[in-house]
Amino acid sequence: MKTLEVHCLGTAGYHPNESRHTSCYFLPKSGVLLDAGTGIFRLPKLIETDHLDILLSHAHLDHVVGLTFLLDILHQRPVKDVRVWGQQDKLAAIREHLFHESLFPVAIPVTWKAIDGHSTCDLHGTEMTWRPQEHPGGSVAYRLNTPRPDSSPSDPPATLVYATDTLGEDDPESLQWMSGADLLMHECNFDNQNQKWAEKTGHCYLRKVLDIAGQTKPRRLLLTHINPIAELDIADEGQSLDCPIEIATDGMSVAF
């Protein structure tokens, strides 16, 4: 069975560093972009479709500032249609503030699509569902079911869960929703020694992520939203999981 790939364009949280830009991940075969951090400048050479669907987890700057790069990106690689998805209040804040004429005076050629009131959305053949998460200001996790290349209608889709900027949702309903993914992309901004900082800032620490993965049983776990001033070290802590575990790095592509 053929696999899909997600490309890690930006893997840091909060701000870039010498080797990491902020959150941005791309699925070329489906034209889906997960968040729009500073890593989005790497997008043009990877685009394979005539459309882009940008899914925003929330409106914090490290996840949306790359929207202001779109004019150059679309000049380098034009597409017919760009849709930006997110919660209605987050989209409104971005349009009012990030694209205020005093900050960025040129309108970007996108359609803004609120996910509120829609439990499922069709992204040019990729099924998207979402759930709210606990984070300052609120965020959402996304689950994507997307056909594999050259698959038949009866073949199961590839499933990806993207959960970033969250305390780590471990209630039964959330765990059930996340379960059985081919790839779980989960933020891990802090190590175990900084659990208090994780809880104070609305982020996750390693032990919490591994516990969630142990209960949801993905086929592969990718740790994302890495702290830009403290590289994560999983050492032997992931040995209890029944799946491979990796730390995302800029430029990495992950098959699922």
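**Exercise 1. The surroundings of Phe26**

Task: In this predicted model, determine which residues Phe26 touches, leaving out those up to four places away in sequence.

Solution. Step 1: List the contacts. Phe26 touches Glu5, Val6, His7 and Leu9, then Gly31, Val32 and Leu33, and further Leu43, Leu46, Ile47 and Leu52.

Step 2: Place the residue. Phe26 belongs to strand β2. Strand β2 (residues 24–27) pairs with strand β1 (residues 5–10) in the antiparallel sense, over three bridges. Within this pairing, Phe26 of β2 is the bridge partner of His7, and His7 also appears among the contacts of Phe26.

Step 3: Assign the burial class. The relative accessible area of Phe26 is 0%. Buried means under 20%, so Phe26 is buried.

Step 4: Add a distance. Phe26 and Ile40 are separated by 14 residues in sequence, and their C-alpha atoms are 8.9 Å apart.

**Exercise 2. The order of a sheet**

Task: State the strand order of the open sheet of seven strands, and explain why β6 and β14 each have one side without a neighbour in the sheet.

Solution. Step 1: Write down the order. The strands follow one another as β6-β5-β4-β3-β2-β1-β14, and the pairing is mixed.

Step 2: Examine the edges. β6 (111–114) and β14 (253–255) each have a single partner strand, so one side of each is left without a neighbour in the sheet.

Step 3: Describe the twist. On average, neighbouring strands of this sheet are turned by 25° against each other, with direction ignored.

Step 4: Add the covering helix. Helix α3 (residues 88–98) lies across β5 (81–86) and β6, and runs at about 150° to β6.

**Exercise 3. Salt bridges between separate loops and strands**

Task: For the salt bridges Arg20–Glu231, Asp182–Arg219 and Glu246–Arg220, identify which parts of the chain are tied together and classify the accessibility of residues in each pair.

Solution. Step 1: Recall the principle. Side chains of opposite charge can pair when their charged atoms come close. The count for this model comes to ten salt bridges.

Step 2: Treat Arg20 and Glu231. Their side chains meet at 2.8 Å, N to O. Arg20 is in the loop between β1 and β2, while Glu231 is in the loop between β12 (221–224) and β13 (245–247), so the pair ties together parts 211 residues apart in sequence. Arg20 has a relative accessibility of 3% and therefore counts as buried.

Step 3: Treat Asp182 and Arg219. The N to O distance of this salt bridge is 3.2 Å. Asp182 lies in the loop between α4 (172–178) and β11 (183–187), and Arg219 in the loop between α6 (206–216) and β12, so parts 37 residues apart in sequence are tied together. Asp182 counts as buried at 10% relative accessibility, whereas Arg219 counts as exposed at 60%.

Step 4: Treat Glu246 and Arg220. Here the N to O distance is 2.5 Å. Glu246 lies in strand β13 and Arg220 in the loop between α6 and β12, so the pair ties together parts 26 residues apart in sequence. Glu246 is partly exposed at 25%, and Arg220 counts as partly exposed at 22%.

Step 5: Note a network. Asp53, Asp81 and Arg83 are linked by salt bridges in a network.

**Exercise 4. Positive phi values**

Task: For Asp165 and His225, give the phi value and decide whether each residue is buried or exposed.

Solution. Step 1: Consider Asp165. Its phi is near 50°, a positive value in a residue other than glycine. Asp165 is placed in the loop between β10 (158–163) and α4. With a relative accessibility of 1%, Asp165 counts as buried.

Step 2: Consider His225. Although His225 is not a glycine, its phi is positive, at about 55°. His225 is placed in the loop between β12 and β13, and at 1% relative accessibility His225 counts as buried.

**Exercise 5. The nonpolar cores**

Task: Identify the residues with the most contacts inside the largest nonpolar core, and list the elements that give two or more residues to this core.

Solution. Step 1: Describe the core. The largest nonpolar core has 28 residues, and Leu43, Ile54, Leu56, Leu67 and Trp112 have the most contacts inside it.

Step 2: List the contributing elements. Those giving two or more residues to this core are β2, β4 (51–55), α2 (70–76), β5 and α3.

Step 3: Inspect Leu56. Apart from neighbours within four places in sequence, Leu56 is in contact with residues including Leu67, Val84, Trp85, Leu91, Ile94, Val140 and Tyr142.

Step 4: Identify the other core. A second, separate core has 27 residues, among them Val32, Val140, Leu144 and Tyr162.

Methods:
Residues numbered from 1 in each chain as written. Predicted model: local features only at pLDDT ≥ 70, side-chain atom pairs only at ≥ 80, totals over all residues. Heavy atoms only, no water. Pairing = 2+ DSSP bridges. Helix = DSSP H or I, 4+ residues; strand = E, 2+ residues; numbered from the N terminus. Axes fitted to C-alpha atoms, helices over the stretch in contact; angles between N-to-C directions. Contact = heavy atoms within 4.5 Å. Buried < 20%, exposed > 50% of the residue type's maximum accessible area, 1.4 Å probe, protein only. Salt bridge = Lys/Arg side-chain N within 4 Å of Asp/Glu carboxyl O. Core = buried A, V, L, I, M, F, W, Y, C linked by side-chain atoms within 4.5 Å.
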